[in-house]
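Please open the model in a viewer and keep the sequence panel visible. The tour below proceeds by selection, from the whole chain to single residues.

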Amino acid sequence: MLAWQIAPDWRFDPAIDKPVEVTFTADGDGTVVRLEHRGLEVYGGKAAGVRAIYDSEGGWTGILALYGAAAEG
């Protein structure tokens, strides 16, 4: 688990401490990787926009896809 201390304006903010948990589970010949980024409610009215960025190809979704492609290739 790691602490995410980034504000909605993408600057470091030590007052923000949102956990990001990554788990790896064996699945046949592969591995299921699950990433959970919790605590987005601290962003208030900006939470939905931040979540959309995290879920985008430029966010966690894209990063995990790149790791998956590297693992396969």
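A contact here means heavy atoms within 4.5 Å. In this predicted model, contacts between residues at least 6 apart in sequence may be sorted by separation, and 24% of them join residues at least 24 apart.

**The whole chain**

Begin with the protein chain displayed as a ribbon. It has 2 helices and 3 strands, which follow one another along the sequence in the pattern β-β-β-α-α. The C-alpha trace spans about 40 × 20 × 20 Å along its principal axes. Should a surface be displayed, its accessible area comes to about 5200 Å², with 56% belonging to carbon and sulfur atoms. Of the 73 residues in the chain, 21% are buried.

**The nonpolar core**

Next, select Trp4, Ala7, Ile16, Val20, Leu40, Tyr43, Ala47, Val50, Tyr54 and Trp60, and show their side chains. These 10 residues make up the largest nonpolar core. Its largest share, 3 residues, is contributed by helix α1, residues 47-54.

Now restrict the view to α1, where Ala47, Val50 and Tyr54 are buried. How do the buried residues of α1 fall when seen down its axis? They lie within an arc of 65 degrees, and therefore line one face of the helix. A general feature of helices is relevant here: an α-helix has 3.6 residues a turn, so residues three or four places apart point the same way. To see what covers the buried residues of α1, add strands β1 (2-4) and β3 (30-37) and helix α2 (60-72), which are among the covering elements.

**Trp10**

Move to Trp10, in the loop between β1 and β2. Is this residue buried, partly exposed or exposed? Its relative accessible area is 44%, so Trp10 is partly exposed. Leaving aside residues up to four places away in sequence, Trp10 touches Trp4, Ile53 and Tyr54. A distance label between the C-alpha atoms of Trp10 and Val50 will read 9.9 Å, although the two are 40 residues apart in sequence. The backbone also merits inspection: phi of Trp10 is near 65 degrees, a positive value in a residue other than glycine. Most residues other than glycine have a negative phi.

**The salt bridges**

Then colour the charged side chains. Side chains of opposite charge can pair when their charged atoms come close, and the count for this model is 4 salt bridges. Select Arg38 and Glu21 to find one of them, with the closest N and O atoms 3.0 Å apart. This pair links distant parts of the chain, since Arg38 sits in the loop between β3 and α1 while Glu21 belongs to strand β2, 17 residues apart. Both ends are partly exposed, Arg38 at 27% relative accessible area and Glu21 at 28%.

Add Glu36 and Arg34, which form a salt bridge with closest N and O atoms 3.6 Å apart. Glu36 is partly exposed at 29%, whereas Arg34 is exposed at 52%. Together, Glu21, Arg34, Glu36 and Arg38 are linked in a network of salt bridges. Another pair to select is Arg11 with Asp9, whose closest N and O atoms are 3.7 Å apart. Arg11 is exposed at 59%, and Asp9 is partly exposed at 46%.

**The surface patch**

Finally, return to the surface and select Val22, Phe24 and Val33. They form a nonpolar patch with about 260 Å² of accessible area together. Val22 lies in strand β2, residues 18-27, and is partly exposed at 33% relative accessibility.

Notes: Residues are numbered from 1 along each chain as its sequence is written. This is a predicted model: local features need pLDDT of at least 70, side-chain atom pairs count only at pLDDT 80 or more; totals for chains, interfaces and linings use all residues. Side-chain values use heavy atoms; hydrogens and water are left out. A nonpolar core is a set of buried Ala, Val, Leu, Ile, Met, Phe, Trp, Tyr and Cys residues joined through side-chain atoms within 4.5 Å. Buried means under 20% relative accessible area, exposed over 50%, partly exposed in between (1.4 Å probe, protein chains only). Helices (H or I, at least four residues) and strands (E, at least two) are DSSP runs, numbered from the N terminus. The arc is that of the directions from the helix axis to the C-beta atoms. Patches are made of residues with over 30% relative accessible area and no salt bridge: like charges are joined within 9 Å, nonpolar side chains (Val, Leu, Ile, Met, Phe, Trp, Tyr) within 5 Å. Accessible areas come from the Shrake-Rupley method with a 1.4 Å probe; for residues, only the protein chains shown count as cover. A salt bridge is a side-chain nitrogen of Lys or Arg within 4 Å of a carboxyl oxygen of Asp or Glu.
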